[in-house]
Amino acid sequence: MKGQVRCFNRLLIIGPGDVLARFLDSSWEKTMPVRYSEWLEHSRTRAACQFETTGKPPLIELTSLSSRWPKLVFLLDWEV
């Protein structure tokens with residue numbers, strides 16, 4: 001990533017415990033260009049992680065992911 005702009009992201013996911021558990025067991029990270037991910041919080045109904053992307057936040061990928069998990073709420077905070 002040398003010479004490229006890095007985007008620092010924090011994703012909060014909220015939803016029913018059973019749906020959230022299935023989501024966390026899925027390979028959701030593979031659908032987004034995520035680097036250096038780290039879980040910050042995990043409870044029965046919410047989870048938060050931080051990760052890096054190159055250049056911009058993964059808004060298109062997150063929109064697609066969110067449409068596949070309609071019972072979950074995704075909140076993304078980012079800084080370039």
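Which residue in β3 is the bridge partner of His42? Before selecting anything, bear in mind that the model on screen is predicted. With His42 picked, look across to β3, where its bridge partner turns out to be Ala47. Keep Ala47 highlighted and add Ile13, since Ala47 is also the residue in β3 that serves as the bridge partner of Ile13.

Now widen the selection to the strands themselves. Strand β1, residues 6-14, and strand β3, residues 46-54, run antiparallel and are joined by nine bridges. On the β2 side, five bridges join β2 to β3, and these two strands likewise run antiparallel; between β2 and β3 there are three residues, and the two strands form a hairpin.

Stay on β2, which covers residues 35-42, and select Arg35 within that strand. Arg35 has a relative accessible area of 33%, a value that lies between the 20% and 50% limits, and is therefore partly exposed. If you then add Arg22, which is 13 residues away along the chain, the C-alpha atoms of Arg35 and Arg22 are found to be separated by 22 Å.

The next stop is the aromatic residues. Select Phe23, Trp28, Trp39, Trp69 and Phe74 together, as they form one aromatic cluster; the structure holds four aromatic pairs. Begin with Phe23 and Trp69, whose ring centres are 5.3 Å apart and whose planes stand at 85°, so that this pair counts as edge-to-face. The pair links distant parts of the chain, with Phe23 in helix α1 (residues 17-25) and Trp69 in the loop between α2 (59-68) and β4 (73-79), 46 residues apart. Phe23 is buried, with a relative accessible area of 0%, and Trp69, at 18%, is buried as well because its value falls under 20%.

Keep Phe23 selected and exchange Trp69 for Phe74. The pair formed by Phe23 and Phe74 is also edge-to-face, at 5.4 Å centre to centre and with 75° between the planes. Here too distant parts of the chain are linked, in that Phe23 belongs to helix α1 and Phe74 to strand β4, 51 residues apart. Both Phe23 and Phe74 are buried.

Finish at the surface by selecting Val5, Leu59, Trp78 and Val80, which make a nonpolar patch of about 370 Å². Among these, Val80 lies in the segment after β4, and with a relative accessible area of 58%, which is over 50%, Val80 is therefore exposed.

How values were computed
Residues numbered from 1 in each chain as written. Predicted model: local features only at pLDDT ≥ 70, side-chain atom pairs only at ≥ 80, totals over all residues. Heavy atoms only, no water. Phe/Tyr/Trp six-rings, centres within 6.5 Å; stacked < 30°, edge-to-face > 60°. Helix = DSSP H or I, 4+ residues; strand = E, 2+ residues; numbered from the N terminus. Buried < 20%, exposed > 50% of the residue type's maximum accessible area, 1.4 Å probe, protein only. Patch = residues over 30% accessible without salt bridge, like charges linked within 9 Å, V, L, I, M, F, W, Y side chains within 5 Å. Areas by Shrake-Rupley, 256 points an atom, 1.4 Å probe, with all protein chains shown as cover. Salt bridge = Lys/Arg side-chain N within 4 Å of Asp/Glu carboxyl O. Pairing = 2+ DSSP bridges.
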